[in-house]
Amino acid sequence: SLESSVRLLEVGPRDGLQNIKTSVPTDVKVELIRRLASTGLMNIEATSFVSPKWVPQLADGAAVMEQVWPLAREKAINLPVLAPNLKGLENAMKSSAQEVVVFASCTEAFSRMNQNCSIDQALAQAQSVVDAARERGVKVRGVVSCIFSDPYSGPTPPSQVLRVVKRLLDMGCYEVGLGDTLGVGTPQLTRNLLDVLLKEIPADKLAGHFHDTYGQGVANVVAAYSMGIRAFDSAVAGLGGCPYAKGAQGNVATEDVVYTLETSGISTGIDLDKLISVGGWISEQLGIPNRSRAGSALLAK
Ligand code: HMG
Ligand code: MG
């Protein structure tokens, strides 16, 4: 039933790769998206259309999209791409993107480091992207960063998260992902924040985007699920991290989220065995350890 199913957004090809120092060949990125698409994942963040000076790893976004967008057509898979400003939107449109993602930090310090502008300036750019995208029938999702803490200025007041999330929803984002950029959230912090947000925002407008620095990612997903959240972002093999948030680890691993939900009778529509082999494959390709606990355990069997 709908109540017992969740929608997962796989962010491995974007969040997962953006911070990897060695350059990942375009063919590997394309093959990763193809393999992910064969697991039953219906939403895969494919790349970013941001400044190549800021995120060199994803400078080949157009080349990736050229090869993967037919997947979106054939299999009706959603392939959102990051586009923080009109230049990003323009490039995303040239690449046939059907959905774009705008983002803003809940905190001023991280906003400066990640987007070189204030929160309000980032929101104004997001607004211009939303307006232009909707004219072209393109869906826009929002993501906010630093929901619990900012790497430069410390803890984030929940009222500040509420303000930025509401602005993104009011401008026309269909949903806002709640980004724990640093991965410092715990179930208690997750419940406290959602207590504040859910007083003014319906649960189906929110998604969890948890990084797993302290190993709390799955626990945070479960805490958010128990409060009505049904959409989560995750990355295969626990890939991920933001170049402008030092020490932050990858996203909660998609394999771990699927394992937890499916063993609780909550449907994800994803073939866990296939997903686990994708996690093993990409870890090998990148030469890094597989950070999915369920994936590593089941691959070792
Ligand atoms: P800026 O330097 O202030 O921008 O950067 P600018 O407008 O002055 O432009 C400078 C140059 O960049 C110009 O080129 C522009 O054309 C170019 P030049 O004339 O020097 O040759 N440029 C672009 N090129 C391609 N695509 C674009 C684009 N925009 C400008 N879209 C800017 C401002 C926002 C562009 C920059 O700071 C940027 O790209 N930041 C993005 C950083 C980023 O991608 N971070 C990671 C994603 S967010 C994240 O990971 C968090 C999340 O996962 C949630 C969570 O975990 O919290 C979502
Ligand atoms: Mg992230």
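A237 has 31 C-beta neighbours inside 10 Å, so it counts as buried; that label needs 20 or more other C-beta atoms within 10 Å of a residue's own, while 12 or fewer means exposed and anything in between means partly exposed, with C-beta atoms placed from the backbone. This is a predicted model, in which local features need pLDDT of at least 70 and side-chain atom pairs count only at pLDDT 80 or more, while totals for chains, interfaces and linings use all residues. Residues are numbered from 1 along each chain as its sequence is written, and chains are lettered from A and ligands numbered from 1 in the order in which they are written.

**Two alanines with a positive phi**

Back to A237: its phi is positive, about 60°, although it is not a glycine. You'll find A237 in the loop between β10 (231–234) and α10 (254–262). Those element names come from DSSP runs, numbered from the N terminus: helices are H or I runs of at least four residues, and strands are E runs of at least two.

A76 also has a positive phi without being a glycine, at about 55°. Is A76 buried or exposed? A76 is exposed, because just 8 other C-beta atoms lie within 10 Å. Its loop runs between α3 (61–75) and β3 (81–82).

Here are some neighbour counts to look at together.

| Residue | Other C-beta atoms within 10 Å | Label |
|---|---|---|
| A76 | 8 | exposed |
| C173 | 22 | buried |
| S296 | 20 | buried |
| A237 | 31 | buried |

**The whole chain**

Zooming out, the chain has twelve helices and ten strands. Its C-alpha trace spans about 50 × 40 × 40 Å along the principal axes. A compact globule of 301 residues would have a radius of gyration near 19 Å, and the chain's 17 Å agrees with that. This radius is taken over C-alpha atoms, and the globule rule is 2.2 Å times the number of residues to the power 0.38. Buried residues make up 51% of the 301 residues.

Contacts (C-beta atoms, placed from the backbone, within 7 Å) tell you about the fold too. Of the contacts with a separation of 6 or more, 72% are between residues 24 or more positions apart.

**The sheet**

Eight strands form an open sheet in the order β1-β10-β9-β8-β5-β4-β3-β2, with parallel pairing. Strands pair if DSSP finds at least two bridges between them. β1 (7–10) and β2 (47–48) stand at the edges with a single partner strand each, so one side of each has no neighbour in the sheet.

Now pick out β9 (residues 206–210). Five of its five residues are buried, so this strand is largely enclosed by the rest of the structure. In a regular strand the side chains alternate between the two faces of the sheet. In β9, L206, G208 and F210 point one way, while A207 and H209 point the other way. Five bridges join β8 (residues 176–180) to β9 in parallel, with L178 partnered by G208. Two bridges join β9 to β10, also in parallel, and there H209 has D233 as its partner.

**The core**

In soluble globular proteins, nonpolar side chains tend to be buried together. The largest nonpolar core here has 83 residues, and V81, A83, V100, V102 and V144 touch the most other members. Such a core is a set of buried Ala, Val, Leu, Ile, Met, Phe, Trp, Tyr and Cys residues joined through C-beta atoms within 7 Å. Helix α6 (residues 119–135) gives the most to this core, with six residues. Leaving aside residues up to four places away in sequence, A83 touches several residues, including F49, L89, V101 and V129.

C173 sits in the loop between α7 (158–171) and β8. With the same sequence cut-off of four places, C173 touches V102, V130, V140, R141, G142 and L168. S296 belongs to helix α12 (residues 293–299), and its C-alpha atom is 8.2 Å from that of I276, 20 residues apart along the chain.

**Around ligand 1**

Which residues come nearest to ligand 1? Of the 25 around it, they are V50, G88, S145, G179 and T181; being near means a C-beta atom, placed from the backbone, within 6 Å. Helix α4 supplies the largest share of this shell, three residues.

Conventions: Two residues are in contact if their C-beta atoms, placed from the backbone, lie within 7 Å.
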